[in-house]
Number of protein chains: 2
Amino acid sequence: MFHFPFRLLCRRPFHRRHLHSTTSQPLQLPLSHPIYLIWGSNTAVGKTLVSAGVAGSHLLSSPNLFHYIKPVQTGFPIDSDSRFVFNKVSELFLRRNPSFSLFASNLILNASGPASNATGETQGCGMEMSVLNWREEKKLMGKKNECSELICKTMYAWEEAVSPHLAAERESGTVKDSVVLETLQRCFRDVLEGGDGKGKSEVLCVVETAGGVASPGPSGSLQCDLYRPFRIPAILVGDGQLGGISGTISAYESLTLRGYDVVAIVLEDHGLLNEVSLMSYTRNKVPVLVVPPVPKDPSDDLMEWFEGSHDSFSTLKEIMLSAYYERVQKLHGMPRKARNIFWWPFTQHKLVPEGGITVIDSRCGENFAVFKGQNTEVIEPQFDACASWWTQGPNATLQTELARDMGYTTARFGHVMFPENVYEPALNCAEFLLEGAGKGWASRVYFSDNGSTAIEIALKMAFRKFSVDHGLIPDFDDTTNEQPVELMVLALKSSYHGDTLGAMEAQAASSYTGFLQQPWYTGRGLFLDPPTVFICNSTWTLSLPQGFHSGSFKDEHITFASRDEIFYEGRDKSELAQVYSSYISELFSRNRGLCIGALIMEPVIQAAGGMHMVDPLFQRVLVNECRKRKVPVIFDEVFTGFWRLGVETTVELINCMPDIACFGKLMTGGVIPLAATLATDAVFDSFVGDSKLTALLHGHSYSAHAMGCMAAAKSIKWFKDPCLNPNITSDGRLLRELWDARLVDQISSHPAVQRVVALGTLFALELKAEGQNAGYGSLYARSLLQDLRDDGIYMRPLGNVIYLMCGPCTSPETCNELLVKLYQRLEEFTQNTIEKYSEL
Amino acid sequence: MFHFPFRLLCRRPFHRRHLHSTTSQPLQLPLSHPIYLIWGSNTAVGKTLVSAGVAGSHLLSSPNLFHYIKPVQTGFPIDSDSRFVFNKVSELFLRRNPSFSLFASNLILNASGPASNATGETQGCGMEMSVLNWREEKKLMGKKNECSELICKTMYAWEEAVSPHLAAERESGTVKDSVVLETLQRCFRDVLEGGDGKGKSEVLCVVETAGGVASPGPSGSLQCDLYRPFRIPAILVGDGQLGGISGTISAYESLTLRGYDVVAIVLEDHGLLNEVSLMSYTRNKVPVLVVPPVPKDPSDDLMEWFEGSHDSFSTLKEIMLSAYYERVQKLHGMPRKARNIFWWPFTQHKLVPEGGITVIDSRCGENFAVFKGQNTEVIEPQFDACASWWTQGPNATLQTELARDMGYTTARFGHVMFPENVYEPALNCAEFLLEGAGKGWASRVYFSDNGSTAIEIALKMAFRKFSVDHGLIPDFDDTTNEQPVELMVLALKSSYHGDTLGAMEAQAASSYTGFLQQPWYTGRGLFLDPPTVFICNSTWTLSLPQGFHSGSFKDEHITFASRDEIFYEGRDKSELAQVYSSYISELFSRNRGLCIGALIMEPVIQAAGGMHMVDPLFQRVLVNECRKRKVPVIFDEVFTGFWRLGVETTVELINCMPDIACFGKLMTGGVIPLAATLATDAVFDSFVGDSKLTALLHGHSYSAHAMGCMAAAKSIKWFKDPCLNPNITSDGRLLRELWDARLVDQISSHPAVQRVVALGTLFALELKAEGQNAGYGSLYARSLLQDLRDDGIYMRPLGNVIYLMCGPCTSPETCNELLVKLYQRLEEFTQNTIEKYSEL
């Protein structure tokens, strides 16, 4: 048996409790000092030599601190990269003999049973990873007291010299990705703490991966995916051999496809000038360094080689330091620059201080990675609870798949124009739309760029259909500009259909429509105040606007035993249904003079208007009444569609079908703009004629652009596949409940809370507020949301209405954590508000 | 010296003339029979074994035809993969001894001097590739007369066993990519012709690449880029060794990032179960096949191994055949499906027959790859002369770079919401916009999704600025809906600013605005008929509308010696400038009752209105007159910006600056929707206040989405970099002239042509037409454009106005070819029209 030369210093189980932990601590990446990931374009291309070379360069030039972390080691203890670095740097120190000292240590944190046993000094406990905490150290004295320090760590070690996922399977069961990341995070905390008081360039840390960039880690996840949440800048050790150009470029591309920044490429010189091709490939934007050929003789101590590589490693180290400085400096400078040149939508710039600007370094699944530079520089996750303003859907896995798809689609299509053409992503997307969101009623797909344009198109469709049905266009081929009648929409108050004028005209007057905002707004509609439902004091309650209280109907306080009851179809036979029906009939009679050419509404949830849930019974009755009068019905599902409310289309919730429906936002998974207006054949037919001038002459250059269609086709399928989305119930039509009922009730009973709505991926609440504190312009919720950002939750208010929004794949556990934190902060908020008022 | 065992059959130089040819023949890929590219995840992973295995499987089961093509061979003649396939299949034939016969041949087309010499039978001519046409053949007789045929070809061979680009450099100079592709195309023609009369599954062709997927070809271009124009489906030979999962996945991703479809992965079994990880990676969507370990003994004849691999190769062959069938079937079915479910914008569906639908399989740079299935099934390039409806810009190189960037950006950001946030792509994009298109005047960037939304935002900006400047909002914080005055725009007739209602209201009545199309259109503007310029009979000519002929100004026939003269600033002092100025002043006086709150115009070219070139002097005078009256000026550069007219911004052409300008289309390189409204600080300041309600409350969920900003940042830089865009003149501010002046003149003098405009990437002409043949609804140009599609040019008419549009990087040579073909077809068109009329 190989004699394991480490000294056993301690065996306290300080990592044990974390080995199978599931609570996810936020994964902070300190930026106080440079940290790099060392990747290989293949196995055995010299990653450890590069690590040791950089360590040597850093530690032997002046008294510095270097962390070497090997998260995953197989072939242990015969192979131990951390020991190699530990030994070689020590040998190099003795050879170079600088004036200062070196303290070096090497620590093996955890090992599989066989790997533990193989060390000869301990008994591994069978088929589990055990805490080893083997440690060896050396102090090499120089003339001066000053000291460099090398800290080497292996996080997890297995005995068999195979890919980590195989070794883990055979020796220890699987170590979860989250556990690897948490252990790494603790190592980073050591970097942060050990570097306290030291200059930025005095501390350097490298994390060396195992095998190639896409080699599986212990759980089987590819390492490039495994480490992605940290998005640590990368050094790629390339391949100087024949075929190495290809391997290096492909490895580079795999890293790029996961959002990594490759800071430098290093490769061994095999005389083939691979570096020339690589520099040409990167257009000289990534430095490519060459180190001399490595001696093949296994007995060579490599000291000569390290000496010969001195300049290369020194340059590499400088590149690593300067790229780090540049990154940190850029991150610090971004808020000021943004404030100077951006013009954010829906934002009063005067109210945004430089410190109030969030620097988003990246996102991974549902989390932003946010830079914080006030005290310690750090990048940390914040749950994107505004689901990137109502679009974002993918988890980390889907994000990676979409990245590959977006690359593929750009390469295959770029953009190709749509009219009279067909190409695969557009066709697939249209087919999926008709099989899913439009199932049972829609036959045609009209693509555009965003919800607002989709609505304008829908209105044009509806008006044409109405005009044809009601004989407003006697001569169909008469394309003159004469306006036979003034068409209006029937719409609901507090609805919001978009920001372009046509969409605005279809909504009631609001803060968005005044002369200050849109001087051309007139409001071309008849706008009804709809009955709404919400949870208050743990009970779903109906709120009936004034107009409905007339007649024989008693002004009862209507409540529901559950949310399901609200959607129950049997309500069609209720007295309330009759009341709704009469109300609408009367309305039509009263407004006989108006020409109502379309009904337009957001089914179930009116989002921008304040997250109001409209009584679905009312909407169903309204649809039926319009249909009786041959008024085309438009569903604005831009917000509500694609699982936002727990179903693919709200048709499943309100149980009636439109003639036209608009989709956007989550349709593409929420990563790229695309919208679609779906329509029936009857609507389509009203545009068919002999002249181009009767066609629907509305379009945008990027109509049905390939990338958007590809993302949509992928996401539509993904979200409803129970194998890919754990939230999908087996029949593929419903998301499981994401918001814990008990917590929802608790919040709805909170004294600060007016009302709550929880449905699908949406949890919204209205804070009790009066006067200036209420309404869209209110800043009332500001301090509450600021506190929640400190908790790692990024929210954005609609005045005194706030909401949590997750993706269709987000786990109920995560949603739970959000609610718990929200409740805690609500308590504090109330306390503070009481204090504030008692001070007055 | 190695004895070269080939028989020299013929040395006719049938390839010589093509070796350095530059005329680009359209690269047709026949789909009459399956053709596959064999890629390796590294060198020496067994590509040739797989090729031979598939060949054996195809040829020895029944009498079939197999083409093996090795475009690039180094290490020749010691290494010759085509000879290996030739030999092994013959040996396998003898071993299996089927009832039919086998005719096998191996041909080496071209070789470098040293490679020729090394054959020992010929003298290579020094440092150039020479035609070799070495051929060997075998006829192996079976009992029956039926015969399988194996045709092996090596296209280019070099002696040194290094990467092709090094071998080419050292032995023969470089073989251009276009030459490799043309030779390959000729080999495909042989496949097509040889397969004539044979069943689809009786002929199979594989093209085996050299080294890994991203190994350089002879010119230094990566092979995955080199072969991309054909986009042949791929078989990836993976790596079964330790590290092989990573190498295989990365190679797969490099192919994906170039738009290839990988149909299957094959790898040698090294006992590491790499196939399990690979199947998990592809989610079982790509079959992964394993072949037994290859004997290491070089003297092994591999016959046992081939026998042991029989099932795998047989399965692989079946996969190749069925994927081919599926592809062809899908392509055939697409037009019908499209016609059934798409609703194309600006398209009268009744006028689009199934045969009139273009199936776009992909695009590469400026060319569509179009499927034609009528006679022979084939994929062939068509120049996208509608530049994908006015957006498309990248050449093939930029497309590849954008693909990588889009993958990276999706992986790094997906989408993150914009307000109060900052992230790198948005910041970079905004900075580049202000340094370029907005240079000298703009300070703020407002992002939106398309030109139409950018215009609506611009109008809101202008109206607010005007209202503040003219005291229309006495109490700035009064956000009520009262409308103190009815604001209008000043705009030009024939202008087009988008399809949403707000944008439409700012344009004069047209086919797009009637009750049939947009019942809510009223036309909130004062619309001027502008003076235009165009080439007629080789001369730039001014056309002055009626209103200008009044007063002292003589109704001269004004012409210009050159286009530059039209843009000459000295014209400000001309009598015409005075006429323009008086005309506009009078107009303002006459309409004193109207409240004109903004000037909006497309500078220089009115695109959708019919490709009219407005006299820039008139536009400059108009801007100055508005400025005098404190009317904010909006430039709609959505079409005209970003090199469409040969300059980054039309400010450089018309020599005056706006207060607000809108950009879109080409801004992202034309691959993904994004728009920006740029504004001065003065405009921005009119929205700054204490309340959110005075902020600009217009926005879209995808505002400043990361992918769009990334594409824009990349393209903005790329297009103006003389190192990347060969059309950029040295000072980086002008494109060189793309349209040959002589040809332009010639076309402008053609009897069928009314007028011509050529500027930047745009060449437009109006066909002489009357009555129904004129105007937007006209189908007059249809037959002409159909003929041009047969020539490989894809155009789309604006009624009787047709245009050619290229990208900012397209070569003048390509533009020249387009003009030549257009001229030829114009001749025929006139001839046909004359004949048609004489028949009547």
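A residue counts as buried here if 20 or more other C-beta atoms lie within 10 Å of its own. With that yardstick in hand, a good place to enter this predicted model is strand β22 of chain B, residues 595-601. Six of the seven residues of β22(B) are buried, so the strand is largely enclosed by the rest of the structure. On one hand, β22(B) pairs with strand β17 (residues 487-492) of chain B in the parallel sense, over five bridges, and Met488(B) stands opposite Ile596(B) in this pairing. On the other, β22(B) pairs with strand β25 (residues 633-636) of chain B, again in the parallel sense, over three bridges; here Leu599(B) faces Val633(B) as its opposite number.

These pairings belong to a wider arrangement. In chain B, seven strands make up an open sheet in the order β16-β27-β26-β25-β22-β17-β18, and the pairing is mixed. Strands β16 (444-448) and β18 (525-528) of chain B form the edges, each pairing on one side only. On average, neighbouring strands of this sheet are turned by 20° against each other, direction ignored. Moving along the order from β25(B), three bridges join this strand to β26 (residues 660-663) of chain B, and the two run parallel. Within that pair, Phe635(B) has Ala661(B) as its bridge partner. The sheet is also accompanied by a helix: α15 (residues 451-469) of chain B lies across β16, β17, β22, β25, β26 and β27 (675-679) of chain B, and runs at about 20° to β27(B).

Chain A has an open sheet of seven strands too, with the order β15-β26-β25-β24-β21-β16-β17 and mixed pairing. Its edges are β15 (444-448) and β17 (525-528) of chain A; each has a single partner strand, so one side of each is left without a neighbour in the sheet. Neighbouring strands are turned by 20° against each other on average, direction ignored. Inside the sheet, β16 (residues 487-492) and β21 (residues 595-601) of chain A pair in the parallel sense over five bridges, with Ala491(A) opposite Ile600(A). Helix α19 (residues 616-628) of chain A lies across β16, β21 and β24 (633-636) of chain A, at about 150° to β21(A). In terms of domains, chain A is divided into domain 1 (34-328), domain 2 (398-719) and domain 3 (741-839). The centres of domain 1 and domain 2 of chain A, taken over C-alpha atoms, are separated by 55 Å.

How do the two chains come together? A rotation of 180° with 0.0 Å of shift along its axis superposes chain A on chain B, with an RMSD of 0.0 Å. The two copies are thus related as by a two-fold rotation axis. The contact takes 150 residues from chain A and 149 residues from chain B. On the side of chain A that touches chain B, helix α13 (residues 396-412) of chain A supplies the largest share, eleven residues. The residues on that side of chain A divide into 71 nonpolar, 58 polar and 21 charged. Of the interface residues of chain A, 99% are also interface residues in chain B, so the copies meet through the same surface. Strand pairing crosses the boundary as well: two bridges join β11 (residues 358-364) of chain A to β15 (residues 421-422) of chain B, and these strands run parallel. In this pair, Val359(A) stands opposite Val422(B).

Several local backbone features deserve a look. Most residues other than glycine have a negative phi, and most peptide bonds are trans. The peptide bond from Phe76(A) to Pro77(A) is cis, with omega near 5°, and Pro77(A) sits in the loop between β3 (65-73) and α3 (81-96) of chain A. In chain B, a cis peptide bond joins Phe76(B) and Pro77(B), with omega about 5°; Pro77(B) is in the loop between β4 (65-73) and α3 (81-96) of chain B. Positive phi values occur at Met611(A), near 55°, and at Ser494(B), near 70°. Met611(A) lies in the loop between β22 (605-606) and β23 (612-614) of chain A and is buried, with 25 other C-beta atoms within 10 Å. Ser494(B) is in the loop between β17 and α16 (501-505) of chain B and counts as buried with 21 C-beta neighbours inside 10 Å.

Definitions and conventions: Residues are numbered from 1 along each chain as its sequence is written. Chains are lettered from A and ligands numbered from 1 in the order in which they are written. This is a predicted model: local features need pLDDT of at least 70, side-chain atom pairs count only at pLDDT 80 or more; totals for chains, interfaces and linings use all residues. Copies are superposed by least squares on the C-alpha atoms of residues with pLDDT of at least 70 in both. Two residues are in contact if their C-beta atoms, placed from the backbone, lie within 7 Å. Helices (H or I, at least four residues) and strands (E, at least two) are DSSP runs, numbered from the N terminus. Ala, Val, Leu, Ile, Met, Phe, Trp, Tyr, Cys and Pro count as nonpolar, Asp, Glu, Lys and Arg as charged, and the others, Gly among them, as polar. Two strands pair if DSSP finds at least two bridges between them. A residue is buried if 20 or more other C-beta atoms lie within 10 Å of its own, exposed if 12 or fewer, and partly exposed in between; C-beta atoms are placed from the backbone. Domain bounds come from an automatic or database domain assignment. Axes are lines fitted to C-alpha atoms, for helices over the stretch in contact, and angles run from 0 to 180 degrees between N-to-C directions.
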